[in-house]
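Here is a friendly walk through one protein model, meant to be read with the structure open beside you. We begin at a loop and work outward to the helices around it.

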Amino acid sequence: MIRWSTVLGRAGVYTLAISTVFLSLLPIMWLVLTSFRPSIEITSPRLMLLPRDPTLQNYIDVFTRYKTTQYLANSMVVSLSVVATNLIIGPPAAYALARFRFRGERLVFALIILCRMIPIVTAMVPLFIVFSVLGLLNTYLGLIVAHTAFKLPVTIWVLRSFFMDVPKELDEAARIDGCSTFGALVRIALPLVKPGLAAAGVLAFLWTWNDLIVTLILSISDSTATLSLGLTKFVLEYGVDWGPMTAAGVIVFIPTLAFIFIAQRYLVHGLAVGGIRE
């Protein structure tokens, strides 16, 4: 016997889920479609769902009229470097907070979280002054150090929760077998927190890739400008170059999707390995 209440309930859930996905993807779909429209269609007052005369000229203009290639390279260098620094510095700090007990432990962890809660804008003026004195303005090193400082607290917070779920008995067994504390971290704890490493890496990459304010303050020329800052170059003196801007917008989110898909594979693999070893 068919239970109509169950059927209607499932239909409602599916309808709500599909509607949510559609509304979430609608801006991206519109961005992609607009990137293939000629300028006359973009500025036309008539609403056209699909381009009547699709063109690749907007993508050609992005790379010929603007320094998009350089912006893209800068974004990749800075974002991947920040991911690397977070995954090198973050795990030992998170492991220490999860495993060792010392006076002021909660205060230290609270200060780490507080550093992330402080709005980045409030730190920009002193950061600009300090980096100016140190000669780090308009350099890759300056951008990497600044981004690492702002993203590292979240990396430590995320990884600490993963390390706390790893049984301490595994660390003790490793030490009995002759491992040092660092050896127990590398050989035992890190393989079991691969999901946390993947999550922390994804967050660090996305927040760095999409960041504007740090690059805007610390990059004073195109030599270190990232894609997020490069998008502002499409706002011209007498208007906005909508076609190339939408094409650049598509280019911006393609690497993020690729990075998420790659990290997702390792995330699932890490969950499986962690479940087997536990």
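Let us start with Asp211, which sits in the loop between H10 and helix H11 (213-218); helices here are DSSP runs of H or I with at least four residues, strands are runs of E with at least two, and both are numbered from the N terminus. With a relative accessible area of 9%, Asp211 is buried. That word stands for under 20% relative accessible area, while exposed stands for over 50% and partly exposed for anything in between, using a 1.4 Å probe and protein chains only. Once neighbours within four places in sequence are set aside, Asp211 is in contact with His147, Lys151, Thr226 and Ser228, where contact means heavy atoms within 4.5 Å.

A word on what you are looking at. This is a predicted model with residues numbered from 1 along each chain as its sequence is written. Local features need a pLDDT of at least 70 and side-chain atom pairs count only at pLDDT 80 or more, while totals for chains, interfaces and linings use all residues, and side-chain values use heavy atoms, with hydrogens and water left out.

**How confident is the model?**

The score, pLDDT, is the predictor's confidence in each residue, from 0 to 100. The protein averages 83, and 91% of the residues score at least 70. Confidence is highest in helix H4 (residues 68-99), with a mean of 92, and lowest in helix H13 (residues 242-277), with a mean of 70. Over residues 269-278 the pLDDT stays under 50, and for that stretch the model has eight contacts beyond four places in sequence.

**Helix H9 and its two partners**

Helix H9 (residues 181-192) makes a good centre for the next part. Its twelve residues should span 16 Å at 1.5 Å a residue, and the end C-alpha atoms are indeed 16 Å apart, which agrees; the expected span is 1.5 Å times one less than the number of residues. The buried residues of H9 are Gly183, Ala184, Leu185, Ala189, Pro191 and Leu192. Arg187 also belongs to H9, but at 62% relative accessibility Arg187 counts as exposed. From Arg187 to Arg116 the C-alpha distance is 30 Å, with their positions 71 residues apart in sequence.

The axes of H4 and H9 come within 11 Å and cross at roughly 100 degrees. The two helices are therefore roughly perpendicular to each other. On the H4 side the contact is made by Pro91, Pro92 and Tyr95, and on the H9 side by Thr181, Ala184, Leu185, Ala189 and Leu190. These residues divide into seven nonpolar, one polar and no charged. Here Ala, Val, Leu, Ile, Met, Phe, Trp, Tyr, Cys and Pro count as nonpolar, Asp, Glu, Lys and Arg as charged, and the others, Gly among them, as polar.

H9 also meets helix H10 (residues 194-209): their axes come within 4 Å and cross at roughly 70 degrees. H9 and H10 are therefore roughly perpendicular as well. Leu190, Pro191 and Leu192 of H9 touch Lys194, Pro195 and Leu197 of H10, a contact with five nonpolar, no polar and one charged residues.

For reference, axes are lines fitted to C-alpha atoms, for helices over the stretch in contact, and angles run from 0 to 180 degrees between N-to-C directions. Angles under 35 degrees count as roughly parallel, over 145 as roughly antiparallel, 65 to 115 as roughly perpendicular and the rest as oblique.

**Buried residues in other helices**

Thr68 lies in H4, Val202 in H10 and Val252 in H13. The table gives their accessibility and their contacts, leaving out residues up to four places away in sequence.

| Residue | Relative accessible area | Contacts |
|---|---|---|
| Thr68 | 2%, buried | Val62, Phe63, Leu227 and Phe234 |
| Val202 | 15%, buried | Phe259, Ile260 and Ala263 |
| Val252 | 12%, buried | Trp209, Leu227 and Leu231 |

Two C-alpha distances run to Ser75. Val252 is 9.5 Å from Ser75 in space and 177 residues from it in sequence. Val202 and Ser75 are 15 Å apart in space and 127 residues apart in sequence.

**A backbone detail**

Finally, have a look at Asn138, in the loop between helix H6 (120-134) and helix H7 (140-165). Asn138 has a positive phi of about 60 degrees although it is not a glycine.
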